Amino acid sequence: MLDVRGITVHFGDTVALDALDLSVGDDEVVCMLGASGSGKSTLLRAIAGLEPLAAGTIARDGVDLATTPPHRRDVGLMFQDHSLFPHRDVRGNVAFGLRMRRLPRDEIEARVHEVLEMVGLSGYEHRGVRQLSGGEQQRVALARALAPAPSLLLLDEPLGALDRALREELTVELKMLFDRLQIAVLLVTHDHDEAFALGDRVAVMHRGRVEQVGPPADVWRRPESELVARFLGWNVTYALGSKPSAVRPDAVTLTADGSLRGTVVSRAFRRDHFRVLIELEGSRDALDVSIRGAEPPAVGTQVGLVIDPDGVVELDR
Ligand code: ADP
Ligand code: MG
């Protein structure tokens, strides 16, 4: 069990991590979801022992790691830019951590073979990494992180640089790999789909802190703050009561009547739905509404709105 308590990391005046708390269970996958600059990479580097802490503790199974150097922390870190050694072949890259541990040569060969098989690159040992596609390079970086059989895998935007179709394919593969490995995984990403698809829990990160953490369905259905709601693409409006409410875009239906009324101010086609922006009558708020199936009304049309209460959360903060 990884236990992170109140860790703070500064870079000059920048507070990259601000008293952050987090735990990861032994075979749990936790996805940190946050915008660029929210401190995701710094968090992984701190856990790996690569950034000094200004405050807080990082413990594994109750043992404080403060004096444990990076190579003794039993973690596999896959960097955001994957930083492969360009002049080495796949084998040389994957074997790196094993050579550092001075394993016998035949053990190294066997392990390289095994992890390449895990990531779907059997037989790639002697390819140069510069000749590989972006997706293949990500797999090599993943194999390198896995090679020393760490009990905690730290993945920094593992699918970041890839195009959408490949990302969706590799998301499914990663999920199967995590199920098979049964190790602790802490994955950071700015991509909602990736975080919600892969995490046993998802933590929304903002300015070096965890804003909300929980099982994907809970976080997705019950954002606890305006910040999380907006980050997940919900509307935040003051038009429904005395407190602000978060309204999921697909919880709104347009009808001819309805007590809530508004005007269509824009509409855009997305892959499998329309996004329609509706300015509410008697309020300065607009609602972003997701509409499937039917063609939405034209810009300028007056509409009534019905909101499914399951898609509304009253916010306290
Ligand atoms: P993320 O991975 O979520 O994009 P980072 O952890 O890379 O965020 O960065 C968090 C904050 O710390 C940012 O403001 C970034 O500019 C700053 N930062 C990160 N690394 C360094 C560094 N080595 N030197 C100075 N500032 C840094
Ligand atoms: Mg980063």
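In helix α6 (residues 164-181), glutamate 168 and arginine 164 lie four residues apart and are therefore separated by about one helical turn. In this predicted model, the side chains of the two residues meet in a salt bridge, with an N to O distance of 3.6 Å. Both ends of the pair fall into the intermediate class of accessibility, since glutamate 168 is partly exposed with a relative accessible area of 40%, and arginine 164 is likewise partly exposed, at 42%.

Elsewhere, salt bridges that share partners join Asp3, Arg5 and Asp21 into one network. Within this network, the side chains of arginine 5 and aspartate 21 meet at 3.7 Å, N to O, and this pair links distant parts of the chain, with arginine 5 in strand β1 (residues 2-11) and aspartate 21 in strand β2 (residues 14-24), 16 residues apart. Arginine 5 counts as partly exposed, at 38% relative accessibility, as does aspartate 21, at 40%. In total, the structure holds 20 salt bridges.

A further salt bridge is formed between glutamate 51 and arginine 45, whose closest N and O atoms are 2.7 Å apart. Here the two partners differ in their exposure: glutamate 51, with a relative accessible area of 14%, is buried because this value lies under 20%, whereas arginine 45 is partly exposed, with 28%.

Helix α1 spans residues 40-47 and is mostly covered, six of its eight residues being buried; these are Lys40, Thr42, Leu43, Leu44, Ala46 and Ile47. The helix is followed by glycine 49, which has a positive phi, near 90°.

How values were computed:
Residues are numbered from 1 along each chain as its sequence is written. Chains are lettered from A and ligands numbered from 1 in the order in which they are written. This is a predicted model: local features need pLDDT of at least 70, side-chain atom pairs count only at pLDDT 80 or more; totals for chains, interfaces and linings use all residues. Side-chain values use heavy atoms; hydrogens and water are left out. Buried means under 20% relative accessible area, exposed over 50%, partly exposed in between (1.4 Å probe, protein chains only). Helices (H or I, at least four residues) and strands (E, at least two) are DSSP runs, numbered from the N terminus. A salt bridge is a side-chain nitrogen of Lys or Arg within 4 Å of a carboxyl oxygen of Asp or Glu.
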